[in-house]
Amino acid sequence: MDAEKLGSLERIDRRWIFLILALVVGIAVIVEPVFPDRAGELVRPIFDHLDALPAGTPVLISLDYSPSSAPELEPMAAALTRHAMIRGLPICFISLWPTGNNMAERLESGVLREEYPAAEVGKDWVVLGYQAGGELLAHAVVDSLGARFRSDVRGVPLNELPALTTVTGLRDFGLVISLSAGVPGLKEWILYVGDAGHVPLAGGCTGVGAPQFFPYYPRQILGLMAALKGAAEYEAALSARYPDSVPATMQATRGMGPQAVAHLVIVLFIVMGNGALLWRRWRSGRTA
Amino acid sequence: MILLLITTVLLVALIVRSILLTRRGRLVNVRPLTPVEEMIPAIDSSVASGSPVLFVPGTRDLDSMQTVAGLSLLDQVARACAERGAELLVLVNRSLVMDEARERCRIAYASVGRGDDWNDDNVDYISDDPLGFVARVDGVIARRRPGACFFFGFFASESLLLAEGGHQVGAIQIAGTASAVQLPFFVAACDRTLMGEELFAAGASLSGDAALLGSLVGQDQGKWLVLILLLLGTALVTLSALGWAPAGEVWTVLSGLLPEG
Amino acid sequence: MATLAQREDGVMTVLAAVSTSVDIWVSAVLTLMVFSFLWRDNSFYKFAEHLFVGVSAAYWMVVGFWTTLWPRVIVPLFPEAVTVVRPDAPVGSFEIMALVPAGLGLLMLSRLVPRLSNWARWPTAFVLGTTAGYAVARYIRSDILYQIRAAIGEGLVLHDRAGRVDVGESLGAVILLIGTVCCLIYFMNTRREGRVTTPAARIGLMVLMVTFGASFGSAVMARISLLVARMQELIGTWLGLI
Amino acid sequence: MIRLRPQHLLSFVAIVLVVASFIAPPGGDEPRGVASLFAFADSQFSSWFGVLAVFAFILGGASLLRTHGRRVRRREGDWKYSIVTLVSFLVVLVVGLGKFGGPPGLTGDPFSPEGWLTRIFSSVLSPLHATLYSLLAFYVASASYRAFRIRGWESSVLLGSAMIVLVGRIPSIDSWTDTWPTVFGFLRMEAWSLWLLKVPNTAGQRAIMIGVALGIVTMAVRMISGLEKGQGGRK
């Protein structure tokens with residue numbers, strides 16, 4: 001190819017980028033390609049921790065998000081729920097966000113009742129739901145769940161819930177996980193529960209929120225699921241370990257298809273621009 | 001609380017002291033800010049090509065210090081535009097900011113004796129909705145083709161939407177924001193970017209006013225204080241972790257004074 | 001003939017999947033109008049833009065009226081007004097303090113009368129005063145002192161869970177501290193050339209560039225998610241192709 | 001006798017609030033005497049700002065109507081589109097203030113699910129929001145193509161760190177680098193991407209935050225002392 005043509009790759013009309021990106025994402029949305037993944041350094045510890053808990057140990061999941069951030073965080077909640085059900089770990093859902101009850105309902109109808117018809121509310125999972133107070137709530141329940149929660153969302157008192165018979169405070173849970181879309185969220189759990197209460201803690205967060213949580217790994221949180229990719233990695237670990245007990249391709253893995261091709265397109269354009277730049281430099285170096 | 005009080009008093013005292021010293025004639029040597037230095041040439045080139053200058057003072061209301069910093073840069077930009085006869089378009093998304101921006105432009109134009117050239121309609125209120133606002137600004141950029149775009153103040157995801165709009169028409173773009181999340185987008189898409197605290201220093205730097213520049217010296221002294229506190233604290237904690245008990249005791253006292261969370 | 005019938009049948013099945021809801025059509029058409037701006041400015045985009053401005057400006061004004069002006073000014077000053085919205089609500093008492101913001105607001109409106117417009121400087125002076133006043137202690141507390149505390153953390157020698165010195169993490173802590181200090185030095189307003197400060201500022205700028213690159217790269221995923229959601233809406237909900 | 005100027009009000013209000021943050025801190029004891037006055041200022045001033053901003057809507061609305069009204073009257077360029085703005089603005093204003101479509105009369109929630117305002121929000125405003133946001137996906141692509149170049153060392157560093165994080169987010173590639181022989185273990189995408197976000201990124205963000213706070217305090221001092229020249233001619 002002659003130099004001039006290659007040089008034009010350095011400054012292509014950005015509308016070509018737009019067009020190619022739109023086409024590629026559009027096609028990926030229809031075709032839903034699946035890219036195999038594996039649990040990485042940040043996600044693996046959460047999976048392994050949950051996988052090693054003795055059956056019957058309750059885990060606490062705090063659904064600190066709302067419908068607008070659900071596309072990124074709900075797949076994490078679903079994957080954790082499936083894992084806990086397979087392992088026979090009772091789950092306790094709470095939330096620092098007013099929208100949390102609604103998010104728990106979506107999990108109950110979408111995952112729990114759908115895929116695990118034998119599981120019973122109260123015994124295999126409980127929804128304590130939202131309580132006002134934000135970080136103060138997290139702080140208050142470290143020693144005693146009963147300090148702020150009297151009953152679950154259906155009104156059943158805590159001492160009548162079989163799932164929580166072994167639980168007084170947060171230290172009695174095998175793991176506490178905050179799926180966090182903002183404030184209050186994972187940061188508050190780290191400061192008030194993980195650091196101050198010495199409770200094993202893990203988290204999930206959105207792509208935009210992720211950079212602020214990396215410093216806490218691995219000393220203050222044992223793992224972190226960041227954005228859709230984190231959820232997809234957890235799903236990958238789950239289907240590798242229990243291929244027969246979970247759906248073949250889950251939510252996040254499906255959503256990663258368009259993501260992966262879009263990232264690839266962006267990376268290729270950057271490489272192309274730099275390649276053309278280097279080529280031009282090399283050529284002008286030779287002629288000079 | 002005590003440490004907060006001490007820090008506040010100390011910082012304010014340092015800044016005021018520097019302002020007073022500079023007023024009495026102490027010379028200050030302030031680092032030149034490249035984005036600020038390129039603002040006037042950008043206005044000149046707009047004048048040469050007969051295109052307007054666009055200014056956006058962020059997308060927050062007057063309760064954000066970043067908006068105030070953006071407006072203090074508007075003072076200077078408006079003066080420069082008035083002197084050179086450039087057409088200045090200010091697009092805002094808050095009514096209070098609109099009022100304040102008009103007032104400032106009026107004063108700036110009057111201060112260079114061009115008060116009659118100013119028309120309040122050049123400051124246009126669009127919509128409180130940041131995205132509705134951006135939709136209009138991008139439209140205005142595409143149609144009016146400004147030669148220079150200035151984005152100074154708080155921006156959320158609007159940053160890249162604005163900067164790419166301006167790039168499309170080939171405007172010289174100079175931006176500034178203190179919001180750390182949005183800086184990467186401005187740095188990538190604009191010609192020059194005031195990063196973080198530079199936004200607050202830019203107005204002083206552009207005005208060249210001795211007292212204002214003096215305040216920047218005080219700010220630096222405050223920063224040295226921060227650095228000392230940071231290094232001292234780290235040293236104490238590290239020594240105590242290595243088993244030197246006295247360091248631990250000093251740190252316990254000191255950390256008790258620092259606010260939690 | 002059969003082929004034609006088959007084809008018609010095919011067209012019908014495709015059409016049957018397309019949404020019939022007016023709201024979904026409005027939303028899909030507006031989406032396409034905005035996307036058309038990526039090609040270039042055109043009359044479809046102009047329409048969407050002007051609609052967006054009109055609707056959103058009015059929407060936020062309505063929100064401001066019902067959530068702020070009504071409960072904080074109108075009801076405290078005219079207690080009976082509460083029954084307009086909630087007929088069964090108890091009527092409260094007149095609150096004299098609500099006169100202050102109302103008065104400031106009216107001064108603001110003096111801008112509409114050219115002769116009185118200088119009065120509007122008072123409410124803006126009040127606003128700028130609150131902005132400056134709140135900022136001082138708030139930023140010193142949460143952004144200076146708290147960040148110093150977070151930066152000190154657990155010092156430079158870090159141990160892993162088993163209590164051994166974690167070399168990798170400790171090295172990271174040292175680099176983190178050096179990076180923070182260098183960035184702070186880079187931003188110094190009165191930078192003198194020096195054996196320490198000049199290279200420190202250079203390192204600081206490099207750390208900043210790494211920061212920006214990494215956050216840019218990390219934000220791409222969130223931005224693509226938004227596009228995917230839009231595409232799903234168009235292709236799935238509207239055209240029914242998924 | 002000093003003539004009172006708006007600058008005096010600015011300084012007075014600001015100083016009251018600074019003092020209030022020390023003698024009536026949030027979450028402290030119930031303040032008494034003079035302290036309660038400061039506590040009152042601290043809690044009320046920001047809500048007064050909210051009220052003022054709503055009053056200012058009248059100025060903004062008037063400006064909007066005037067700008068577009070003039071364009072229509074004078075048949076300036078694109079005047080037909082100004083009709084769209086004017087009509088939609090007035091319609092939404094009337095629908096919203098009159099609480100059309102919801103409970104009878106002016107009673108009930110202005111944002112009730114059956115109200116027209118809610119419908120306008122969900123079928124007009126929210127798709128426009130979402131679409132404008134999604135333009136960002138295209139713009140990150142074009143901006144990164146343009147900016148991430150091996151030009152100076154600054155932009156090369158920017159390019160390098162962005163590429164590592166970007167490639168680290170592509171599922172199959174990052175897991176492929178895991179399988180590389182141990183000699184190349186240091187090249188693992190994930191480890192690099194994690195380290196970049198954890199160490200230099202935190203350092204940069206932290207320094208920016210501390211610096212910005214110092215800049216803000218300095219600016220506040222300049223405002224209070226009346227050194228900031230503009231401030232609406234309050235000198």
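## A guided tour, from a buried strand to the chain interfaces

Select Met225(A): this residue lies in strand 6 (residues 224-226) of chain A. The model is predicted. Met225(A) counts as buried because 31 C-beta neighbours fall inside 10 Å, and 20 are enough. Now show its contacts, leaving aside neighbours within four places in sequence. They are Val43(A), Ile46(A), Met76(A), Gly204(A), Gly230(A), Ala231(A) and Tyr234(A). For a distance check, pick Pro157(A). Its C-alpha is 33 Å from that of Met225(A), with the two positions 68 residues apart in sequence numbering.

**Strand 1 of chain A**

Go to Ile61(A), in strand 1 of chain A. Is Ile61(A) buried or exposed? Ile61(A) is buried, since 26 other C-beta atoms lie within 10 Å. Select its partners beyond four places in sequence: Ala77(A), Leu80(A), Ile91(A), Phe93(A), Ile177(A) and Leu179(A). Draw a line to one of them, Ala77(A). The two C-alpha atoms are 7.9 Å apart, and the residues are 16 apart along the chain.

**Helix 5 of chain A**

Next, select residues 100-115 of chain A. This is helix 5, with 16 residues. From first C-alpha to last it reaches 21 Å, close to the 22 Å expected at 1.5 Å a residue. Where is helix 5 of chain A kinked? The kink is centred on Glu108(A) and amounts to about 40 degrees.

Colour the buried residues of helix 5 of chain A: Gly100(A), Met103(A), Ala104(A), Leu107(A), Val111(A) and Leu112(A). An α-helix has 3.6 residues a turn, so residues three or four places apart point the same way. Then show what the buried residues of helix 5 of chain A pack against. The partners in chain A are strand 1 (59-64), helix 4 (70-87), strand 2 (91-95) and strand 3 (125-130). Strand 1 of chain A is also where Ile61(A) sits.

**Domains of chain A**

Zoom out to chain A. The domain assignment gives domain 1 (3-32 + 256-287) and domain 2 (44-248). Colour each one. Their C-alpha centres lie 41 Å apart.

**Chain B**

Hide chain A and show chain B. Its elements are eleven helices and six strands. The C-alpha trace spans about 70 × 45 × 30 Å along its principal axes. Of the 261 residues in chain B, 64% are buried. Among contacts in chain B with a separation of 6 or more, 70% join residues 24 or more positions apart.

Now colour by pLDDT. Chain B has a mean of 92, and 98% of its residues reach 70 or more. Which element of chain B has the lowest mean pLDDT? It is helix 11 (residues 245-257), at 81, while strand 1 (residues 53-56) of chain B has the highest, at 98.

**Chain D against chain B**

Add chain D. Here 43 residues of chain D are in contact with 52 residues of chain B. On the chain D side, helix 2 (34-73), helix 4 (116-147) and helix 8 (200-224) each supply at least two residues. Helix 8 of chain D gives the largest share, 14 residues. By class, this side of chain D has 27 nonpolar, 13 polar and three charged residues.

**Chain C against chain D**

Last stop: swap chain B for chain C. Contacts link 94 residues of chain C with 100 residues of chain D. Select the elements of chain C that give two or more residues to this side, including helix 3 (43-77), helix 6 (121-152) and helix 8 (197-238). Colour this side of chain C by class: 64 residues are nonpolar, 21 polar and nine charged.

Note on methods: Residues are numbered from 1 along each chain as its sequence is written. Chains are lettered from A and ligands numbered from 1 in the order in which they are written. This is a predicted model: local features need pLDDT of at least 70, side-chain atom pairs count only at pLDDT 80 or more; totals for chains, interfaces and linings use all residues. Two residues are in contact if their C-beta atoms, placed from the backbone, lie within 7 Å. Helices (H or I, at least four residues) and strands (E, at least two) are DSSP runs, numbered from the N terminus. Ala, Val, Leu, Ile, Met, Phe, Trp, Tyr, Cys and Pro count as nonpolar, Asp, Glu, Lys and Arg as charged, and the others, Gly among them, as polar. Domain bounds come from an automatic or database domain assignment. The expected span of a helix is 1.5 Å times one less than its number of residues. The bend at a residue is the angle between axes fitted to the seven residues ending there and the seven starting there. A residue is buried if 20 or more other C-beta atoms lie within 10 Å of its own, exposed if 12 or fewer, and partly exposed in between; C-beta atoms are placed from the backbone. pLDDT is the predictor's confidence in each residue, from 0 to 100.
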